[in-house]
Each structure stands twice: as structure tokens, then as C-alpha cells.
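Student: Could we go through this structure by asking, for each label we attach, what value stands behind it?

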Amino acid sequence: MVKKTTEAVFWTAINEAPAQYPWLSQDLDCEVAVIGGGATAALCALRFAKAGCDTVMLGAEPVGYGGTAASSGILCMDGEECLTQLVEKIGADRTMMTVKLFQEAIDNLEAICREGSPDCGFRRMDTLRYAENPKGAETIRREFSLRLHNGIDAELLTAFSAAEQFTFPMEAGVYSRNAGAQVDPYQLVHKAAALAVQAGARVFENTGVAVVDHGGEGKVRLECSTGHTVHARYVIVAAGLETDKQCGGLERTATTYTLVTEPVSEFPGWRGPCLIHTQEEPHVFLTVTADRRILMGGLNSVLVDEHGRLGGMLELSSAGQKRYDQLEKRLRAMFPAIRGLTVEYAYASRAGRTADGLPVLGRLPGEERVAYALCCGENGLLYSEIASRLLLEQYQGKANQELGLFSPRREWRIKH
């Protein structure tokens with residue numbers, strides 16, 4: 001039986017808060033206000049502050065909580081869907097533009113993590129995406145060809161060659177060297193917030209924004225939960241899934257289930273160990289943390305929420321427990337040679353997805369003083385870093401073709 005922690009997810013359970021920030025206790029004026037307390041908000045605050053903007057960050061929760069704390073910490077081009085599936089939705093040129101942005105984002109996040117101490121548990125990792133059945137294997141073979149012919153280091157695994165490296169069966173797999181990374185998302189957010197403060201930003205937590213009033217002359221007025229007001233020349237809404245309420249873009253939300261084991265000494269039957277994503281549904285992902293724990297997640301449910309309630313109302317905790325047990329059973333079946341596998345943490349979190357799996361970044365038509373950054377899904381941390389750069393360039397008036405890829409009104413390029 002899985003031992004379930006109910007008070008905190010893994011990353012917040014193992015980390016003490018590196019810093020505590022005040023709540024807003026007076027009215028303020030600033031050039032740029034960033035709404036949110038997670039990775040997207042912190043990275044945007046850092047970018048804008050380093051660019052010389054008088055920046056204020058306003059988080060409704062303590063810094064690093066919310067969706068960011070429940071992130072896997074995986075950084076790679078793989079997610080719920082592979083690149084081949086993304087090509088079918090947005091085309092090859094836009095897909096490879098996205099891959100380039102992914103690669104740059106990993107490099108940029110590494111630079112942040114390596115700046116001072118701690119290193120946020122950052123380490124480069126290989127990646128594996130694999131299929132168990134013939135239909136999925138055909139997609140994997142096309143994925144290999146796409147990566148190979150676009151300069152991505154890729155190796156095609158067959159059922160025979162995979163058996164020499166992994167203890168779980170696969171029809172086909174695409175293995176890419178040094179294509180991903182793992183990070184502690186909670187430490188990353190706090191590192192970005194601390195660097196933003198060093199660059200001159202003012203950070204406030206437990207300060208929700210209840211009203212965003214665009215009507216003021218030359219300024220946007222933000223009414224905060226503490227009873228005070230912020231007037232900003234420019235506003236970035238980066239409040240996780242709540243951002244969707246203002247800019248739209250979410251196709252669905254689902255509950256993701258996660259297990260984290262106690263530290264493991266050896267990883268027989270797991271080459272690398274690498275980041276792992278399954279091709280078929282139900283989608284599952286695996287990684288290894290800096291302290292050698294296996295983190296496994298997936299088995300998403302659109303019916304049961306993260307509190308074990310059916311439709312958000314009826315208590316149905318046994319359904320959540322069933323998912324945890326299914327994950328643990330699959331983990332043990334995949335790696336029977338790993339000794340002493342003991343699950344220490346189990347938790348559920350709410351995740352969102354746009355129609356094409358990409359973030360929503362930029363301004364809505366007719367809104368010149370408010371930009372949005374809806375960065376969700378398994379690549380949410382990478383999207384957060386991409387958002388920080390592209391939104392700064394938009395604010396500075398730089399022409400940017402890449403930002404159009406993620407604009408809020410992009411239905412024209414989504415195939416229905």
C-alpha cells in the first residue's frame with residue numbers, strides 16, 4: 001500500500017523555504033507588475049528587472065507553491081505528445097522553431113541554476129520515448145527519422161536492442177543523448193526570485209490580485225487582497241491555470257498522479273538513467289532526482305480532482321488510491337532488478353493543456369498594457385523561461401516571429 005503524504009508535495013516537503021517575502025502593505029507604483037508566484041512569474045520578474053525595469057511581483061501564495069511545486073522538474077522536448085504529433089498540428093517549420101526554443105531554454109535555466117548556490121538539483125539527462133505496441137512503434141520510428149534529419153542526436157531502439165539496456169519490453173524507442181535535464185522546481189523558483197530581487201525587483205507573496213483594471217490613463221490598476229493597490233505601466237499575468245480566465249486557451253484540465261521513492265543506490269535495467277516518456281495512453285513519465293529518487297507520474301484523470309473528489313464534489317478517494325497503486329505496480333514491473341523500491345511520497349495535482357500543447361503568450365487584440373503567460377503541461381518550466389524572454393522582447397518593441405507561434409488567438413493553425 002502506498003504511503004500517502006497529504007500536507008505537501010515532494011518538492012515542498014524536502015525543501016525549507018530559502019526566503020520569505022512580505023505581503024503588500026502599502027500602495028505602490030511601478031513600471032512592470034508580474035502577477036503570480038510560480039516559475040513563470042519569477043522568471044519574468046528576473047528578466048524584466050535585469051533589463052532595468054522597475055518590477056513588482058505579486059503572488060497569491062508563498063513563492064514556489066501552486067502548480068510549480070507539483071511539477072516533475074523534467075526539462076525536455078518530450079511531453080504528452082512527441083514532435084511527430086506536434087508536426088501534424090502546427091507544421092514542421094513551427095515544430096522545429098519550438099525545439100530550438102526548448103534547447104535554448106534548457107541552456108538558460110542551467111545558467112540560472114549554476115549562478116551561486118544551490119544548483120537547484122540541475123543535471124543534464126538523456127531521454128527515451130518508447131512504445132509498447134506496433135501502432136505506437138510506427139510513430140516512434142517516424143519520430144526517430146524526424147529527429148535524425150533535423151540534427152537531433154537520436155538512436156532508434158528495437159525490441160531486441162532495448163532488451164539489452166532496459167528491463168521493460170518495448171516495440172520501439174527513440175533515445176536522444178543529452179536532450180533533457182532535471183531540476184528541483186521549488187529551488188529554481190526561489191533562485192529566480194532571489195536573483196530578481198538582486199536586480200532590483202520587489203517581490204510580495206500572499207498578495208493576490210482581485211481586480212485588473214485597464215481603464216486608467218497610462219497605468220493599469222491592480223486591486224490586491226491585502227487592501228492595497230498597485231499602479232503599473234505594464235502588467236504580465238502569469239498566475240498558472242488562473243491565467244486562462246483572462247486570456248483563454250485551455251482545452252482541458254486533468255489530475256496528474258505522482259509517486260516518489262526513497263533514494264535508490266543502483267539502477268539496473270535503466271540506461272542512464274534517462275528521462276522516460278511513454279508514447280501510448282495512459283501516458284506515464286519517469287525521472288530521477290538529484291538525490292537519486294525515482295519520480296513517476298501520469299495516469300491523468302479528467303473526472304477525479306487532486307482532492308479525490310469526483311467532479312469536484314463527491315468524495316472518491318479510493319479512485320485516487322487506485323491510481324497510486326497502478327503507478328507503483330507499473331514501476332515495479334518496469335524495474336524488477338532495482339532493489340529496495342519503496343514509495344515515500346504520493347500526491348495529485350491539477351494540470352492544464354492547450355489544444356496544441358503549447359503555451360499562450362502575448363497580448364490580446366486591443367490590449368497594449370497587459371500580456372499573458374499561460375505556461376502549463378509537462379513542459380511548463382521550459383515554457384516559463386521562453387515566456388520571460390519573448391515577453392520582454394515584445395515589451396521592448398522588438399519584432400519577434402517566435403512570439404506569434406504562441407499568441408493567444410492562434411486557432412487558424414490548429415487542425416480540427
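Tutor: Let us begin with strand 4, which is joined to strand 12 (residues 275-278) by four bridges, the two running parallel; Tyr130 has Thr278 of strand 12 as its bridge partner. Please keep in mind that this is a predicted model.

Student: What makes strand 4 and strand 12 a pair?

Tutor: Pairing requires at least two bridges between the strands, and four bridges join strand 4 to strand 12, so the two count as paired. Strand 4 (residues 123-131) also pairs with strand 6 (residues 172-182), here in the antiparallel sense and over eight bridges, and in that pairing Thr127 stands opposite Ser176.

Student: Which residues are in contact with Arg330, leaving aside its neighbours within four places in sequence?

Tutor: Arg330, which is placed in helix 9 (residues 317-334), is in contact with Tyr130, Glu132, Thr278, Pro282, Val284 and Met296 once those neighbours are left aside. Tyr130 and Thr278, the bridge partners from strand 4 and strand 12, are thus both among the contacts of Arg330. As for Val284, its C-alpha atom is separated by 9.7 Å from that of Arg330, with the two positions 46 residues apart along the chain.

Student: Why is the interaction of Glu393 with Arg389 called a salt bridge?

Tutor: The closest N and O atoms of Glu393 and Arg389 are 3.2 Å apart, and because the criterion asks for a side-chain nitrogen of Lys or Arg within 4 Å of a carboxyl oxygen of Asp or Glu, the pair qualifies. Both residues lie in helix 10 (residues 380-395), four residues apart, which is about one turn of the helix.

Student: How do you know whether Glu393 and Arg389 are buried or exposed?

Tutor: Glu393 has a relative accessible area of 18% and Arg389 one of 16%; buried means under 20%, so both are classed as buried.

Student: What other salt bridge does Arg389 make with a glutamate?

Tutor: The side chain of Arg389 also meets that of Glu402 in a salt bridge, at 3.1 Å from N to O. This pair links distant parts of the chain, with Arg389 in helix 10 and Glu402 in helix 11 (residues 401-404), 13 residues apart. Through shared partners, salt bridges join Lys100, Glu104, Arg389, Glu393 and Glu402 into one network. A search of the whole structure finds 31 salt bridges.

Student: How is the packing of helix 2 and helix 10 described?

Tutor: The axes of helix 2 (residues 39-50) and helix 10 come within 8 Å and cross at roughly 35 degrees, and the crossing is right-handed. Among the residues making this contact are Leu43 and Phe48 of helix 2 and Arg389 and Leu392 of helix 10. The residues of the contact divide into nine nonpolar, three polar and three charged.

Student: Why is Val211 called partly exposed?

Tutor: Val211, in strand 8 (residues 209-213), has a relative accessibility of 32%, and because partly exposed covers values between 20% and 50%, that label applies. Its contacts, apart from neighbours within four places in sequence, are Arg221, Leu222 and Glu223.

Student: What makes Glu223 and Arg221 a salt bridge, and how accessible are the two residues?

Tutor: Their side chains meet at 2.2 Å, N to O, which is within 4 Å, so the criterion is met. Glu223, at 28% relative accessible area, and Arg221, at 26%, are both partly exposed.

Key:
Residues are numbered from 1 along each chain as its sequence is written. This is a predicted model: local features need pLDDT of at least 70, side-chain atom pairs count only at pLDDT 80 or more; totals for chains, interfaces and linings use all residues. Side-chain values use heavy atoms; hydrogens and water are left out. Buried means under 20% relative accessible area, exposed over 50%, partly exposed in between (1.4 Å probe, protein chains only). Axes are lines fitted to C-alpha atoms, for helices over the stretch in contact, and angles run from 0 to 180 degrees between N-to-C directions. A crossing is left-handed if the near helix is turned anticlockwise from the far one by less than a right angle, and right-handed if clockwise. Contact means heavy atoms within 4.5 Å. Ala, Val, Leu, Ile, Met, Phe, Trp, Tyr, Cys and Pro count as nonpolar, Asp, Glu, Lys and Arg as charged, and the others, Gly among them, as polar.
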